[in-house]
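Please open the model in a viewer that lets you select residues by number. The tour goes from the whole chain to single residues.

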Amino acid sequence: NNGENFIVQHLEDLESQIMQYMAGDSPKARFFLATAFVWPLLLVLCFLLYSPSTDVPSSGDSSRVSVHSTVQKSSQRIRKANDLNKALKRAVEATERKKPKPPLPQLPVKQRKPDVPLDEARLVILRRARPVDLKYVDVSNGNTEHPHMGATDENGNPGYVLDETFLHTNPPAFSFPNLASACRKKDDHYKMLTEKVYVDLEAHDTAEGSGKPRVKLMCLVYSIEKSHHIIPNILQTWGQKCDGFMVASTKTDPSIGAVNMLHEGQEEYDNMYQKVRSMWSYVYDNYYEKYDWFHIGGDDMYLIIENLRLYLESEEILTAQNGGEYLPFGNETSQIPMFLGRRFAYMGDMKDIFNSGGSGYTLNKAALKALVTQSFPRFMPHAHTFSEDCIIAKALRRQGIFPYETKDETGGERYMPFMPGHHYSYRMPRNPASDWYAKYSIDIKFGLDHCAAKSVAFHYAKGDAMKRMHAILYHLCPSR
């Protein structure tokens, strides 16, 4: 009887615990869940101990009835215990299902190195620079002072911001009445553009169809109103291939992307630096967050945009602006400033290297921010000179940003200060000191070897020469 009473008491307690668990978690209910299977076994054991042995004389019918009644009650309580045990398990399982599953532990993503590591000469250049936080910082001071006074609209009102994507709405068609006769000439320009330099359209099409985002490139051209008639040559050829395009001029004309750029001093060739200083400030103030790279040059440069974009997307450049060792993940908030172009040593001085302004130079976001927010306010803010490329290089050098080596794997140059034919035929003079180009050049090659197969920029592409280059490169010349 004592054993039976013990079991009955705990069965009732177990039933109560189930109700508590259904209402809210109970540590005691968990204990009963873990031990509930013990109670039916204990009940059976007590019953066996309580049952009279065959050796004990029967006490009559009343004893047999009492035993029979006890067996029935015990069986019922065993079934009740089993039912309660099952109910408790179901309650626990239902509650566990409602609990949110803990997140799987995040395994660290291993950084990947480029297939071809950067050489030591390039790493030396990169190590001098410090990473720049890419977050935009407003330094315009209300656009009340140079170089942040911006541009004026067609009526002379300040604060004008050009829609730099205007070419994408209605790009002009390529038109060249002299195409056939221009293509018949098989001069040195033709030889360089057919025997060596080419547009990597296959890689471009693959990148376009990959579904991966391409780098955003904004192209900047400096010009003046009297040269507006040559801007259509750019618009019909390489200009429309840029993601953003702008001409900094002395008159605003939205049809060709020209804006009247306000700058310190007179509009003259000998004050080119102040114009470029205002251009870069205008671009930073209005377009910095929309683009990844920015290329600037004169109205007689010719860019092969497909090759330039592929170069900027290459493992080499991605690794370089990530510090030089590992490829970026793509979510970086800082980067190494990159200053790309044709490297010249001023007067042959290897300690005074700059990127030639002829075919232009290319800055990433970090370099643009460093130039506008740090260099311009502090370094030669009122300089009056035509050599904007030298001053820009000096300004960036103060922050440890040096021109990056842009030769290809064969030593061919990607940025050309002259037209293709000049580089095809040029040879080093006997007295290099007598030729400024020989004096300024750094380890150049000659003939077909001079230009990289996937060159990105040429200079002095004036008039029909630009359209002829374009026709040859993009196979627009008639077959006969």
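The stops below begin with an overview, then take the sheet, a helix pair and three single places in the loops and at the end of the chain.

**The whole chain**

Show everything as a cartoon, and keep in mind that this is a predicted model. The protein has 18 helices and 14 strands. Colour by accessibility next: of the 480 residues, 48% count as buried. Contacts across the sequence can be drawn as well. Among those between residues at least 6 apart, 78% join residues at least 24 apart.

**The sheet**

Select the strands of the open sheet, eight in number, and follow them in the order β3-β2-β6-β5-β4-β7-β13-β10. The pairing in this sheet is mixed. Which strands stand at the edges? They are β3 (158-160) and β10 (339-340); each has a single partner strand, so one side of each is left without a neighbour in the sheet.

**Strand β4**

Now select residues 217-222, which form β4. Are the residues of this strand mostly covered or uncovered? Mostly covered: six of its six residues are buried. Show the side chains. L217, C219 and V221 point one way, while M218, L220 and Y222 point the other way, and all are buried. In a regular strand, side chains alternate between the two faces of the sheet.

Add residues 244-249, strand β5, which runs parallel to β4 and is joined to it by five bridges. One pair to pick out is Y222, which stands opposite A248 in β5. To see how the chain gets from β4 to β5, trace it through helix α10 (residues 231-236); this β-α-β crossover is right-handed.

**Strand β7**

On the other partner of β4, select residues 293-298 for β7. This strand is also mostly covered, with six of its six residues buried. β4 and β7 pair in the parallel sense over six bridges. Two places along this pairing can be labelled: M218 has F294 in β7 as its bridge partner, and L220 stands opposite I296.

**Strands β13 and β10**

Continue to residues 361-364, strand β13. How many bridges join this strand to β7? There are four, and the two strands run antiparallel. F294, already labelled as the partner of M218, has L363 as its bridge partner in β13.

From β13, move on to β10. These two strands pair in the antiparallel sense over two bridges, and L340 has T362 in β13 as its bridge partner.

With the sheet still shown, add helix α11 (residues 272-287), which packs on it. This helix touches β2 (151-152), β3, β4, β5, β6 (258-261), β7 and β13. The direction of α11 makes about 150 degrees with that of β4.

**Helices α8 and α18**

Hide the sheet and select residues 188-195 (α8) together with residues 464-473 (α18). Their axes come within 10 Å and cross at roughly 35 degrees. The crossing is right-handed. Show side chains on both helices: H189, Y190, L193 and T194 in α8 meet R468, M469, I472 and L473 in α18. The residues of this contact divide into five nonpolar, two polar and one charged.

**Three backbone details**

Go to P147, in the loop between β1 (132-133) and β2. Zoom in on the peptide bond that joins H146 to P147: this bond is cis, with omega about 5 degrees.

Then select M380, in the loop between α14 (365-378) and α15 (388-397). Its phi is near 45 degrees, a positive value in a residue other than glycine. Is M380 buried, partly exposed or exposed? Its relative accessibility is 36%, so M380 counts as partly exposed.

The last stop is H475, in the segment after α18. H475 has a positive phi as well, of about 60 degrees, although this residue is not a glycine. H475 is exposed, with a relative accessible area of 66%.

Conventions
Residues are numbered from 1 along each chain as its sequence is written. This is a predicted model: local features need pLDDT of at least 70, side-chain atom pairs count only at pLDDT 80 or more; totals for chains, interfaces and linings use all residues. Side-chain values use heavy atoms; hydrogens and water are left out. Axes are lines fitted to C-alpha atoms, for helices over the stretch in contact, and angles run from 0 to 180 degrees between N-to-C directions. A crossing is left-handed if the near helix is turned anticlockwise from the far one by less than a right angle, and right-handed if clockwise. Contact means heavy atoms within 4.5 Å. Ala, Val, Leu, Ile, Met, Phe, Trp, Tyr, Cys and Pro count as nonpolar, Asp, Glu, Lys and Arg as charged, and the others, Gly among them, as polar. Buried means under 20% relative accessible area, exposed over 50%, partly exposed in between (1.4 Å probe, protein chains only). Two strands pair if DSSP finds at least two bridges between them. A crossover is right-handed if, with the strands pointing away from the viewer, the path from the first strand over the helix to the second runs clockwise.
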